[in-house]
Amino acid sequence: MRTLDTLQFDNTYARLPEAFHQAVFPTPYSDSCVVAFSPEAASLIDLAPTEASRPEFARQLTLSLPMPGSWPIAQAYAGHQFGSFVPELGDGRAILLGEAVGAQPHVWNRYRNLSARRWDLHLKGAGRTRFSRGFDGRAVLRSCIREYLASEAMEALGIPTSRAMAVLGSRDPVFRETPEPGAMLLRLAPSHLRFGSFEYFYHSRRLEELHQLADYAIGTHFPTLDRGESPYAGLLREVTLRTAELIAHWQAYGFTHGVMNTDNFSLLGFTLDYGPFGFIEAFNPGHVSNHSDHAGVYAFANQPQVGFFNLQCLVRALSPLLTREEAEEALAGYEPALGQCYLGLMADRLGLLHRRPEDEELIGDLLPRLEGVDYTLFFRELASLSTAGQAAPDPLFLSGIAPAPDAISPWLLRYQARLRAEASDDATRRAHMNRVNPRFILRNHHAQQAIELAMQGDYSGVASLHEVLRRPFDEQPGREAYSRPAPAGTPAPVISCSS
Ligand code: AMP
Ligand code: MG
């Protein structure tokens, strides 16, 4: 186990030419303390969990000194934001401290069994950089807590994501609509390359740098690509498939990202840049989690299509390195990959052992009937359905979950028949379903309660919620309240970009 002083650091990105980044140190707050710490995230880089209780830990991190070998930079990138191209964004409030090199690789994408030994240490809210564009370079406590809880919850659900090791709080105010406590989030990820990293060089016609970036990405992050074909075509094909699979996971688990700009899209295909995200509670395909997205551009049901738009932006940025046929062939893989992954995940959620052609229709017909039903609890409770008897299943099993069980009953009969057709065993299916259908997801009202406590200096709510979300598939006696939807009449939280 290592300490901050003995972490093994490198920074391959900092070795790229100056056009790619700015060397910059964090600007610490006048004080800082540990609000939350994830020992599981720390273990990815072999950092001893006892480090978090060392009095100097927070200060040392926010100064990033002395961490031998670390080479802090802000990365340059561009991006399509709500459809419009912004030529220079970059890390305006986050600093890549360096890559911590662990003793052994850790899996970050369970679906594809992808692992990493090197993890970017990324400090969000670390102060101004040359990309700050007049903003303050800071992040507020509430948004750091939300990202912390969400990343660790997504990991536990098996959805590829950046990780969160710590929230570091401060008494220094940060000004948004009102003064709020400032904070920093220490994020870990196998890479912070974004679709927008490529757009940055393409749209400014710096083709040599574009080439260099693509070679760096392939050499560092896609070493197993088939060398027999054009490596750039291989890169695009792989990114396309991973993006499709990521969005399939979001759709299957009811996650709305909120700001699917290309600067927030990871080249490696994991969930990146949590802002006004949300898990769907009462099912509504038009759910918009970002308060400022009035047109619903990034509504839940639009996510697959936005993912495709983002890939088209990436294709444009990579166009000097690809033939038209290579680009078209790669993009053509998107929809089938998303559909196949989504159907597989949903079939698992329904406890179907064997795939049948009619399953697509069964799954497709379910969603319209779930409107207003708690999306997470429906699947969890569905596991207790029995295949015995030919009558409509007792709608009581949905009590408290489905406002209008009649809307679902005909579908349940079909589902029961489908289960019987594969001789599904109730107990086996139940156990299987409970391993993929969470009891606990991050609900806004629980996050809000933990945040309000933390604003008063009590961090126990964040720790308790984190503890629950680490084991989303386990029944956790005594913690039932964390599984419940917000009481009727709870106002929707007002959450928008860049807080
Ligand atoms: P986000 O919405 O957090 O993904 O940020 C979009 C862009 O705005 C990125 O380039 C951020 O670095 C930048 N940005 C967001 N908030 C701030 C801030 N408070 N100070 C400086 N830059 C920011
Ligand atoms: Mg961002």
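Biologist: What percentage of the 499 residues of the protein count as buried?

Modeller: In this predicted model, 57% of the 499 residues count as buried. A residue earns that word when its relative accessible area is under 20%.

Biologist: What makes the protein as compact as a globular protein of that length?

Modeller: The architecture comprises 15 helices and 13 strands. The radius of gyration is 23 Å, and the globule rule gives 23 Å for 499 residues; the two are close, so the protein is as compact as a globular protein of that length. Along the principal axes, the C-alpha trace spans about 70 × 60 × 45 Å. Of the contacts with a separation of 6 or more, 75% come from residues 24 or more positions apart.

Biologist: What supplies the exposed area, and how are the charged side chains arranged?

Modeller: Carbon and sulfur atoms supply 54% of the roughly exposed surface, which is about 19,700 Å². There are 45 positive and 56 negative side chains, and the centres of these two sets lie 2 Å apart.

Biologist: Why is S162 called buried?

Modeller: The relative accessibility of S162 is 0%. The cut-off for buried is under 20%, so S162 counts as buried. S162 is placed in the loop between α3 (141-157) and β10 (163-175). Beyond its neighbours within four places in sequence, S162 has contacts that include E147, R187, F270 and Y274.

Biologist: How do you know that E147 is buried or exposed?

Modeller: E147 has 2% relative accessibility, and buried means under 20%; E147 therefore counts as buried. This residue lies in helix α3. Residues up to four places away in sequence aside, E147 touches K124, S162, A164, L185, R187 and Y274. N310 stands 163 residues from E147 along the chain, and their C-alpha atoms are separated by 22 Å.

Biologist: Why is the pair of Y13 and F20 called edge-to-face?

Modeller: By the ring-pair rule, the count comes to 20 aromatic pairs. For Y13 and F20, the ring centres are 6.2 Å apart and the planes stand at 80 degrees. Pairing requires centres within 6.5 Å, and edge-to-face requires planes over 60 degrees apart; the pair is therefore edge-to-face. Y13 is buried, with a relative accessible area of 3%, and F20 is buried too, at 0%.

Biologist: What makes the pair of Y200 and F201 edge-to-face?

Modeller: The ring centres of Y200 and F201 are 5.0 Å apart, and their planes are at 70 degrees, so this pair is edge-to-face. Y200 and F201 are both buried.

Biologist: Which residues do ring pairs link into a cluster?

Modeller: The cluster consists of F195, W250, F255, F265, Y274, F277 and F279. Y274 also appears among the contacts of S162 and of E147.

Biologist: Why is F82 called partly exposed, whereas N113 is called exposed?

Modeller: F82 has a relative accessible area of 32%. Buried means under 20% and exposed over 50%, with partly exposed in between, so F82 is partly exposed. N113, at 57% relative accessibility, passes the upper cut-off and therefore counts as exposed. F82 is found in the loop between β5 (79-81) and β6 (84-86), and N113 in the loop between β7 (94-109) and β8 (114-124).

Biologist: What is the phi of F82 and of N113?

Modeller: F82 has a positive phi of about 50 degrees although it is not a glycine. N113, likewise not a glycine, has a positive phi of about 55 degrees.

How values were computed. Residues numbered from 1 in each chain as written. Chains lettered and ligands numbered in written order. Heavy atoms only, no water. Helix = DSSP H or I, 4+ residues; strand = E, 2+ residues; numbered from the N terminus. Rg over C-alpha atoms; globule rule 2.2 N^0.38 Å. Buried < 20%, exposed > 50% of the residue type's maximum accessible area, 1.4 Å probe, protein only. Contact = heavy atoms within 4.5 Å. Areas by Shrake-Rupley, 256 points an atom, 1.4 Å probe, with all protein chains shown as cover. Lys, Arg positive; Asp, Glu negative; His and termini not counted. Charge placed at Lys NZ, Arg CZ, Asp CG, Glu CD. Phe/Tyr/Trp six-rings, centres within 6.5 Å; stacked < 30°, edge-to-face > 60°.
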